[in-house]
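Open your viewer, and keep the selection box handy. We will go from stop to stop, and at each one you will hear what to select and what is there.

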Amino acid sequence: MTPLRLSVNVDHVATLRNARGGRFPCPVEAARACLAAGADGITVHLREDRRHIRDEDVRRLGAEPGLRLNFEMAATGEMVGIAEGLRPAACCIVPEKRAELTTEGGLDARGAGPFLGEAVRRLAAAGIEVALFVEPDPAQIAAAAALGAQAVELHTGTYADAPEAARGPLLARLRMAAAEAGRLGLACHAGHGLDFETVRGVAAIPEVVEVSIGHFLIGAAVFQGLPAAVSGMRAAIAAGRGGGRN
Ligand SMILES: CC(=O)[C@@H](O)[C@H](O)COP(=O)(O)O
Ligand SMILES: NCC(=O)COP(=O)(O)O
């Protein structure tokens with residue numbers, strides 16, 4: 001099987017830092033610790049309300065040598081401009097609502113207005129790999145391909161949040177969507193709500209080449225430390241992928 005990258009989302013290191021208004025804990029330091037522990041990249045979601053990650057964090061992460069940055073962003077003129085200046089390795093365009101606690105679902109790539117296509121074109125022209133965060137729905141995957149995205153990130157939240165007994169059909173849906181992405185020539189990523197247990201089923205899907213995991217990992221780090229949490233996630237991915245490092 002192809003290798004599966006682990007991109008660690010450090011948004012909630014910034015949530016903790018911002019709770020006291022100071023500099024600690026620092027998301028850039030956390031990113032370095034994750035990479036040292038075996039992560040392949042770092043994900044951040046610069047929300048329009050800057051509730052956790054801030055512009056300065058993104059600028060510093062973008063300047064870190066050897067850091068593969070996956071920049072999650074809403075399809076707005078402001079965010080596209082920031083990404084064009086930053087030129088991260090990858091951007092993932094996500095839907096965003098000001099009042100939500102976290103991203104609530106996939107983007108409507110089919111019903112989006114013309115700006116989504118313009119955003120994809122501008123980011124790709126800046127040399128950035130562009131993914132759209134979508135539900136595991138073949139129509140959305142086809143729409144992402146038609147818009148010129150190079151990748152989709154499948155929303156795993158519904159699967160990850162379901163009781164164990166109900167996960168089978170939800171995982172099958174993810175599997176079918178990943179196969180569809182592969183048929184259309186799109187790289188397939190997956191993320192949202194994954195933990196040590198639920199990542200295994202996703203890692204077993206051969207088309208999935210990257211998972212991004214944040215909230216659970218940063219929470220697990222409270223108990224185990226960040227290096228152990230990242231190593232534990234790597235081990236869970238390897239187990240799901242079928243043995244070896246992954
Ligand atoms: C796109 C996605 O599923 C997550 O990355 C989410 O956008 C993270 O945002 P929060 O860290 O604000 O929950
Ligand atoms: N794209 C998903 C992500 O970055 C992390 O999501 P979560 O693990 O914080 O739910």
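## A guided tour

Start with the surroundings of ligand 2: the shell holds three nonpolar, eight polar and one charged residue. Here Ala, Val, Leu, Ile, Met, Phe, Trp, Tyr, Cys and Pro count as nonpolar, Asp, Glu, Lys and Arg as charged, and the others, Gly among them, as polar.

Before you click further, please note that this is a predicted model, in which local features need pLDDT of at least 70 and side-chain atom pairs count only at pLDDT 80 or more, while totals for chains, interfaces and linings use all residues. Residues are numbered from 1 along each chain as its sequence is written, and chains are lettered from A and ligands numbered from 1 in the order in which they are written.

**Stop 1: the two ligands.** Select Asn-9, Thr-43, Glu-153, Gly-191, His-192, Gly-193, Leu-194, Ser-212, Ile-213, Gly-214, His-215 and Phe-216 to display the residues around ligand 2. A residue belongs to such a shell if its C-beta atom, placed from the backbone, lies within 6 Å of the molecule. Strand 8 (208-213) and helix 10 (215-224) each bring at least two residues to the shell of ligand 2. Helices (H or I, at least four residues) and strands (E, at least two) are DSSP runs, numbered from the N terminus.

Now switch to ligand 1. Its shell consists of Asn-9, Asp-11, His-45, Arg-47, Glu-72, Val-94, Thr-102, Thr-103, Phe-133, Gly-191, His-192 and Gly-214. Sorted by type, the shell of ligand 1 has two nonpolar, seven polar and three charged residues.

**Stop 2: the barrel.** Show the strands as a cartoon. How many strands close into a barrel? Eight do, in the order 1-2-3-4-5-6-7-8, with parallel pairing. Neighbouring strands of this sheet are turned by 25° against each other on average, direction ignored; the axes behind that angle are lines fitted to C-alpha atoms, and angles run from 0 to 180 degrees between N-to-C directions. Two strands pair if DSSP finds at least two bridges between them.

Select strand 2 (residues 41-45), where Thr-43 lies. Thr-43 is buried, as 30 other C-beta atoms lie within 10 Å. The cut-offs are these: buried takes 20 or more other C-beta atoms within 10 Å of the residue's own, exposed 12 or fewer, and partly exposed anything in between, with C-beta atoms placed from the backbone. Draw a distance from Thr-43 to Ala-31, and you should find 9.1 Å between C-alpha atoms that are twelve residues apart along the chain.

Strand 2 pairs with strand 3 in the parallel sense over four bridges, and Ile-42 stands opposite Leu-69 in strand 3. In strand 3 (residues 69-73), five of its five residues are buried. Leu-69, Phe-71 and Met-73 point one way, whereas Asn-70 and Glu-72 point the other way.

Go on to strand 5 (residues 129-134) and strand 6 (residues 151-155), another parallel pair with four bridges. Phe-133 stands opposite Glu-153 in strand 6. Both faces of strand 6 are covered, with Ala-151, Glu-153 and His-155 on one side and Val-152 and Leu-154 on the other, all of them buried.

**Stop 3: a helix with one buried face.** Select helix 11 (residues 226-241). At 1.5 Å a residue, its 16 residues should span 22 Å, and the end C-alpha atoms are indeed 22 Å apart. The expected span is 1.5 Å times one less than the number of residues. Which residues of helix 11 are buried? They are Leu-226, Ala-229, Val-230, Met-233, Ala-236, Ile-237, Gly-240 and Arg-241. Look down the axis of helix 11: the buried residues fall within an arc of 130°, so they line one face of the helix. The arc is that of the directions from the helix axis to the C-beta atoms.

**Stop 4: backbone oddities.** Most residues other than glycine have a negative phi, and most peptide bonds are trans. Select Phe-24 and Pro-25, which are joined by a cis peptide bond with omega of about -5°. Pro-25 is in the loop between helix 1 (11-20) and helix 2 (27-36).

Next, pick Arg-50, not a glycine, yet with a positive phi of about 55°. Arg-50 is in the loop between strand 2 and helix 3 (55-62), and counts as exposed with 12 C-beta neighbours inside 10 Å. Finish at Arg-87, where phi is near 50°, again positive. Arg-87 lies in the loop between helix 4 (77-86) and strand 4 (90-93).
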